[in-house]
Amino acid sequence: MDYVSALVPPVVMAAFFIGLIVTIVKSQGGDKKAKEDAAVDAILARTEATRQADGR
């Protein structure tokens, strides 16, 4: 029975990790992708404008 108690934590951690990966993959793209892309584009534009204003 020691082998069962030794295997349970890694199996549980693997199951949670797989669930995390599935959640991340499912949340990518779709209707949220355009909103995320727009947010990134706005941040990059703001950074570029600040850089140009500083004369770099």
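A residue counts as exposed when its relative accessible area is over 50%. The views below show a predicted model.

**View 1. Tyrosine 3 lies in helix α1.** Is tyrosine 3 buried or exposed? Its relative accessibility is 57%, so tyrosine 3 counts as exposed.

**View 2. Tyrosine 3 belongs to a nonpolar patch on the surface.** The other members are Met1, Val4, Leu7, Val8, Val11, Val12 and Phe16. Together the patch residues have about 870 Å² of accessible area. An α-helix has 3.6 residues a turn, so residues three or four places apart point the same way.

**View 3. Helix α1 covers residues 2-27.** With 26 residues at 1.5 Å a residue, α1 should span 38 Å; the C-alpha atoms at its ends are 39 Å apart, which agrees. Where does α1 bend by about 30°? The bend is at valine 8, and proline 9 follows within four residues. Valine 8 is also one of the residues in the nonpolar patch.

**View 4. Glycine 29 follows helix α1.** The phi of glycine 29 is positive, near 75°.

**View 5. The whole protein has 2 helices and 0 strands.** Its C-alpha atoms fill a box of roughly 70 × 30 × 10 Å along the principal axes. The radius of gyration is 22 Å, whereas a compact globule of 56 residues would have one near 10 Å. Of the 56 residues, 0% count as buried. The accessible surface comes to about 5,200 Å², and carbon and sulfur atoms account for 68% of that area.

Conventions: Residues are numbered from 1 along each chain as its sequence is written. This is a predicted model: local features need pLDDT of at least 70, side-chain atom pairs count only at pLDDT 80 or more; totals for chains, interfaces and linings use all residues. Side-chain values use heavy atoms; hydrogens and water are left out. The expected span of a helix is 1.5 Å times one less than its number of residues. The bend at a residue is the angle between axes fitted to the seven residues ending there and the seven starting there. Patches are made of residues with over 30% relative accessible area and no salt bridge: like charges are joined within 9 Å, nonpolar side chains (Val, Leu, Ile, Met, Phe, Trp, Tyr) within 5 Å. Accessible areas come from the Shrake-Rupley method with a 1.4 Å probe; for residues, only the protein chains shown count as cover. A salt bridge is a side-chain nitrogen of Lys or Arg within 4 Å of a carboxyl oxygen of Asp or Glu. Buried means under 20% relative accessible area, exposed over 50%, partly exposed in between (1.4 Å probe, protein chains only). The radius of gyration is taken over C-alpha atoms; the globule rule is 2.2 Å times the number of residues to the power 0.38.
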